[in-house]
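Could you walk me through this model, one selection at a time? I have it open in the viewer and would like to know where to click next.

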Amino acid sequence: MNLSYLMEDNYTKYFANILKNAKAVHGNDAVLKAYNIEGDVRIQYKDQSDFERIARQFGIFEEWKDGVPRTAYKGIVVFRYHTQRRIFLVGPDSLRRLGVEDA
């Protein structure tokens, strides 16, 4: 079985493409908006307290370690919420780190 897509360079490109195509959602009612949108959703957080506030709304793990949320990849936490679509909680510089400048 070819698992080369899991090599870091390949996976980073794959992950960045998925993230770029996710619909950006803003505002305090992110849970409601995310639930009513078809396809993947991207929600930006500003800092740890903002992440914790958003995570609490979705009922997901809020804990941080070494300055990033647990389970994050490049500052991004991915989960599914009541549907098959993915929710991406995106850190302040995560898009830049992935090379997704125009998302």
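Here is a short tour that goes from the sheet to the helices and then to some aromatic rings. Keep in mind that the model is predicted.

**Stop 1: the sheet.** Start by selecting the strands E1, E2, E6 and E5, which form an open sheet in that order, with mixed pairing. Now look at the two edges: E1 (23-25) and E5 (76-80) each have a single partner strand, so one side of each is left without a neighbour in the sheet. Going from one strand to the next, the twist averages 25°.

Next, keep only E2 (residues 41-44) and E6 (residues 86-90) on screen. These two pair in the parallel sense, over 4 bridges. For an example, click Val-41; its bridge partner in E6 is Ile-87.

**Stop 2: the helices on the sheet.** Add helix H1 (residues 8-21), which packs on the sheet and touches E1, E2, E5 and E6. The direction of H1 makes about 100° with that of E6. Then bring in helix H3 (residues 48-58), which lies across E2, E5 and E6 and runs at about 140° to E2.

Stay with H3 and show its side chains. Which residues of H3 are buried? They are Asp-50, Phe-51, Ile-54, Ala-55 and Phe-58. Because they cover an arc of only 130° around the axis, they sit on the same side of H3. That fits a simple rule: an α-helix has 3.6 residues a turn, so residues three or four places apart point the same way. To see what covers the buried residues of H3, display H2, E2, strand E3 (64-65), E4, E5 and E6, which are among the covering elements. Just after H3 comes Gly-59, with a positive phi near 75°.

**Stop 3: Asp-40.** Select Asp-40, in the loop between helix H2 (30-35) and E2. Is Asp-40 buried or exposed? Its relative accessible area is 18%, so Asp-40 counts as buried, the cut-off being under 20%. Now add Arg-86: a polar contact of 2.8 Å joins the side chains of Asp-40 and Arg-86. Leaving aside neighbours within four places in sequence, Asp-40 is also in contact with residues including Ile-18, Ala-22, Lys-23, Arg-85 and Phe-88.

**Stop 4: the aromatic rings.** Finally, colour the aromatic side chains; the count comes to 10 aromatic pairs. Begin with Tyr-11 and Tyr-73, whose ring centres are 5.4 Å apart and whose planes stand at 70°, so the pair is edge-to-face. This pair links distant parts of the chain, 62 residues apart: Tyr-11 is in helix H1, and Tyr-73 is in the loop between strand E4 (68-69) and E5. Tyr-11 is partly exposed, with a relative accessible area of 26%, and Tyr-73 counts as partly exposed at 23%.

Move on to Phe-58 and Tyr-81. Their ring centres lie 4.9 Å apart with the planes at 90°, so this pair is edge-to-face. Phe-58 lies in helix H3 and Tyr-81 in the loop between E5 and E6, so the pair ties together parts that are 23 residues apart in sequence. Phe-58 counts as buried at 6% relative accessibility, and Tyr-81 counts as buried at 17%.

For a last view, select Tyr-11, Tyr-14, Phe-15, Tyr-73 and Phe-88 together: they form one aromatic cluster.

Conventions
Residues are numbered from 1 along each chain as its sequence is written. This is a predicted model: local features need pLDDT of at least 70, side-chain atom pairs count only at pLDDT 80 or more; totals for chains, interfaces and linings use all residues. Side-chain values use heavy atoms; hydrogens and water are left out. Two strands pair if DSSP finds at least two bridges between them. Axes are lines fitted to C-alpha atoms, for helices over the stretch in contact, and angles run from 0 to 180 degrees between N-to-C directions. Contact means heavy atoms within 4.5 Å. Buried means under 20% relative accessible area, exposed over 50%, partly exposed in between (1.4 Å probe, protein chains only). A polar contact is a pair of N or O atoms within 3.5 Å; within protein, one must be able to donate a hydrogen and the other to accept it, and residues adjacent in sequence count only if both atoms are side-chain atoms. Rings of Phe, Tyr and Trp (its six-membered ring) pair if their centres lie within 6.5 Å; planes under 30 degrees apart count as stacked, over 60 as edge-to-face and the rest as tilted. The arc is that of the directions from the helix axis to the C-beta atoms.
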